[in-house]
Amino acid sequence: MRADLIIRSDGILDCRDNVPLQVTDGYIAVAGDRIMALGRGDAGAPICGPRTEIIDARGKTVIPGLIDAHTHLVHGGSREKELALKLKGMSYLDILKSGGGILDTVAKTRRASREELSNKARKSLDRMLIHGTTTVEAKSGYGLDLETEIKCLQVAQELNDEHPIDLISTYMGAHAIPEEYAGNPQGYIRLMTEEIMPYIARHRLAEFIDVFCEEGVFSPREARVLMESGRSMGFKLKIHADEIVPLQGAELAAEMGAVSADHLLAASEDGLNAMSQARVTAVLLPGTSFYLMLGKYADAGKMMAKGIRVALASDYNPGSCPTENLQAIMTLACFGMKLSPEEILKGMTINAAHAVDRAADIGSIEAGKKADLVILDAPNWDYVIYHFGVNHVDKVIKSGRTVVDRGRLV
């Protein structure tokens, strides 16, 4: 079998499960949309045919495509007016209680047309792709009613069909209590479990459900009801857990067998121990800690010491982390969380693949996996973290096809 594409590089860097791998004087062979082989020297010559495209990436660094395991991709409007409130010391939850925050974006998303939502999300996906992201988990949660939640999930589904980035959809109606259900959270929970979630399951509009288990939003008891209902309908589970106050969200993630628990700044020792035993992946979001000026980051080192798989993601959203750039998140993970370059790469590739239940197909440079690869104009991986604030991407290969060349969309 001949390769369609061969990338030659003296700096191929990969992080498989617990096994970092660096190949100097190496090559990656691609056939169709799959990785055919990873090897050294001239061993790839026999599979190189007259029509094989050769990319010379010597002097550059090749990594797996980045995976953003936590985003709120589809939404209307923006919330730059909240900057002044944040600078005056108003907290995230106080802004929400005053009718801002998520509820402000809900109003804008409900008013937005399907075309407006699609165009805005497509622009964000283009930015993500240019910065090396090839797979994105996309949450709903800015509609909080049947019509708008479905509209947002359908937009994500359509973009998945037409955009190079692979989208993995999550229903997150449990993002806040909508104003029309103020004082009646049980009524809203019934709407989700009896109408919205069955519709989404029937039409296969989402693979996961997610719940914001936080003080003033959904209690652990309410989150358990939603997760049990979702699991009974065939959804995989995620949870926004212990972001601001310790609320036993990590314990609930372990109890319910969630694929991931996200945020975790205030997770308890017992919760982290439970997550470790249940093999729940932690998705940490240093950009949110930075943007909300919380003065602390999730304790990634403690989690890794307990054997918890740690993924890193952008939390791209209009209120608490409006950036599509995972390279910016790398800087914050390094200097805020004190993570090493290798830990950061692992957190955005193979561990992120586990966080979206795709580790068998993406996240590392292995034969049979999808040919999602990023060529960085950097002599080594440490240089990418060291030289911050710029886009290091030279090329992005998505499913075996070059979609970014010289830092620009093809």
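## A walk from loop to core

Select Gln 248 to begin: this residue sits in the loop between strand E12 (236-241) and helix H8 (249-256). Helices (H or I, at least four residues) and strands (E, at least two) are DSSP runs, numbered from the N terminus. You are looking at a predicted model, where local features need pLDDT of at least 70 and side-chain atom pairs count only at pLDDT 80 or more, while totals for chains, interfaces and linings use all residues. Residues are numbered from 1 along each chain as its sequence is written, and side-chain values use heavy atoms, with hydrogens and water left out.

**Stop 1: Gln 248 and helix H8**

Gln 248 is not a glycine, yet its phi is positive, about 65°. Is Gln 248 buried or exposed? With 54% relative accessibility, Gln 248 counts as exposed; the cut-offs are under 20% relative accessible area for buried, over 50% for exposed, and partly exposed in between (1.4 Å probe, protein chains only).

Now select H8 itself, which is mostly covered, with seven of its eight residues buried. Among the buried ones are Ala 250, Leu 252 and Met 256. Which elements do the buried residues of H8 pack against? Show helix H7 (220-232), E12, strand E13 (260-263) and helix H9 (269-278) to see them. Just after H8 comes Gly 257, and its phi is positive too, near 70°.

**Stop 2: the cores**

Next, color the largest nonpolar core, which has 117 residues. A nonpolar core is a set of buried Ala, Val, Leu, Ile, Met, Phe, Trp, Tyr and Cys residues joined through side-chain atoms within 4.5 Å. Met 192, Phe 218, Leu 264 and Leu 284 have the most contacts inside this core. Pick Leu 264: leaving aside neighbours within four places in sequence, its contacts include Ala 250, Met 275 and Leu 284. Contact here means heavy atoms within 4.5 Å. Another core, of 15 residues, lies apart from the largest one, with Ile 7, Ile 35, Ala 371 and Ile 397 among its members.

**Stop 3: three helices**

Select helix H5 (residues 146-162) and helix H6 (residues 185-203), whose axes come within 10 Å and cross at roughly 25°. Axes are lines fitted to C-alpha atoms, for helices over the stretch in contact, and angles run from 0 to 180 degrees between N-to-C directions. H5 and H6 are therefore roughly parallel to each other; angles under 35 degrees count as roughly parallel, over 145 as roughly antiparallel, 65 to 115 as roughly perpendicular and the rest as oblique. The residues making this contact include Leu 146, Ile 150 and Leu 153 of H5, with Ile 196, Tyr 199 and Ile 200 of H6.

Then add helix H4 (residues 114-130), which packs with H5 at an angle of about 50°, the axes being 10 Å apart. H4 and H5 are therefore oblique to each other. Residues in the contact include Leu 117 and Ala 121 of H4, and Val 155 and Leu 159 of H5.

**Stop 4: Asp 126 and Arg 406**

Stay on H4 and click Asp 126, which lies in that helix. At 24% relative accessibility, Asp 126 counts as partly exposed. Draw a distance from its C-alpha atom to that of Val 404: the two are separated by 9.8 Å, although 278 residues apart along the chain. Leaving aside neighbours within four places in sequence, Asp 126 is in contact with His 163 and Leu 409.

Finish at Arg 406, in the loop between strand E18 (401-405) and strand E19 (408-409). Arg 406 has a positive phi, near 55°, in a residue other than glycine, and at 70% relative accessibility Arg 406 counts as exposed.
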